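Work through the exercises below with the structure in view. Try each task before you read its solution.

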Amino acid sequence: MSSESKPSTLTDAWVRNSTYFLDSVLAANRATLAALGVDTDEEVIAGEERPEWTVELTEDRRDALSVGDRVEFSKRLTDDDVRSFADASGDTNPLHLDEEYAEGTMFGERIAHGTLVSGLISAALARLPGLVIYLSQDVEFHNPVSIGDRVTAECEIVEDLGENRYRLRTTIKNGEETAIDGEAVVMLDEP
């Protein structure tokens, strides 16, 4: 390992460990408050970013976007996320909700809903500059995501279709492993 890459590697490890620690503390605090009867439902506010989310964007001006520009969105998928998604969507498949049932499946444990995981693509695209209008999304599911995994949606513009429309390659990464691969088309309008 070169001396130039060592600080970056140490910094990356420190950031990963700190993020995991902070996510754990936040989850523990929410659980404690819930056990004490305090309402822990957080209202989602338009444009809000949370400390446990990570966003990276290569260009923040709509008129300057071009092929190669990227946006990434990362978050840990929690048991609360999975249960809230099941409640909101009606998808109560025991593979996602029942530990004993899931242990007997080919996955050996509960996993997050594929559609919940692919929803992180929408979260990433929502960070593009301008009013994002989703026109299409194709997805291929490659690997399951376990509850508690921190996953990253990576979206890269691969084609400018004109009239503020773009085709993007969309990928969900779980560490180095690809969970979902696909393609999206969006239109970016003025807000």
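**Exercise 1. A pair across two strands**

Find the residue in β4 that stands opposite Arg76.

Solution. This is a predicted model. Start at Arg76, and look across to β4: Arg150 stands opposite. Next, take the strands as wholes. β2 spans 70-76 and β4 spans 150-162. Seven bridges join β2 to β4, and the two strands run antiparallel.

**Exercise 2. From one pair to a hairpin**

Work out how β4 and β5 are paired and what links them.

Solution. Step one: count the bridges. β4 and β5 pair over nine bridges, in the antiparallel sense. Step two: pick out partners. Ala153 has Ile172 of β5 as its bridge partner. Asp160 stands opposite Tyr166 in β5. Step three: go to the turn. β4 and β5 form a hairpin, with two residues between them. Glu163 sits in that turn and has a positive phi of about 55 degrees.

**Exercise 3. The whole sheet**

Put the six strands in order and explain why β1 and β3 each have a side without a neighbour in the sheet.

Solution. The order is β1-β2-β4-β5-β6-β3. The sheet is open, and its pairing is antiparallel. β1 (54-57) and β3 (131-141) stand at the edges. Each has a single partner strand, so one side of each is left without a neighbour in the sheet. From one strand to the next, the twist averages 20 degrees.

**Exercise 4. Helix and core**

Identify the strands that α5 lies across, then trace its part in the largest nonpolar core.

Solution. α5 lies across β2, β3, β4, β5 and β6. Relative to β3, α5 runs at about 145 degrees. Now turn to the core, which has 29 residues. Leu77, Leu125, Leu168 and Ile172 touch the most other members. Elements that give two or more residues include α2 (79-89), α5 (114-125) and β6 (177-189). The largest share, seven residues, comes from α5. Finish with Leu125. Beyond its neighbours within four places in sequence, Leu125 is in contact with Val132, Tyr134, Cys155, Leu168, Ala184 and Val186.

**Exercise 5. A serine in a loop**

Is Ser146 buried or exposed, and which residues does Ser146 contact?

Solution. Locate the residue: Ser146 lies in the loop between β3 and β4. Its relative accessibility is 15%. The cut-off for buried is under 20%, so Ser146 counts as buried. Leaving aside neighbours within four places in sequence, Ser146 is in contact with Glu109 and Arg110. The side chains of Ser146 and Glu109 make a polar contact (2.4 Å). Last, compare sequence with space. Ser146 and Asp79 are 67 residues apart in sequence, and 9.7 Å apart in space, C-alpha to C-alpha.

Terms used: Residues numbered from 1 in each chain as written. Predicted model: local features only at pLDDT ≥ 70, side-chain atom pairs only at ≥ 80, totals over all residues. Heavy atoms only, no water. Core = buried A, V, L, I, M, F, W, Y, C linked by side-chain atoms within 4.5 Å. Buried < 20%, exposed > 50% of the residue type's maximum accessible area, 1.4 Å probe, protein only. Helix = DSSP H or I, 4+ residues; strand = E, 2+ residues; numbered from the N terminus. Contact = heavy atoms within 4.5 Å. Pairing = 2+ DSSP bridges. Axes fitted to C-alpha atoms, helices over the stretch in contact; angles between N-to-C directions. Polar contact = N/O pair within 3.5 Å; in protein donor to acceptor, adjacent residues only side chain to side chain.
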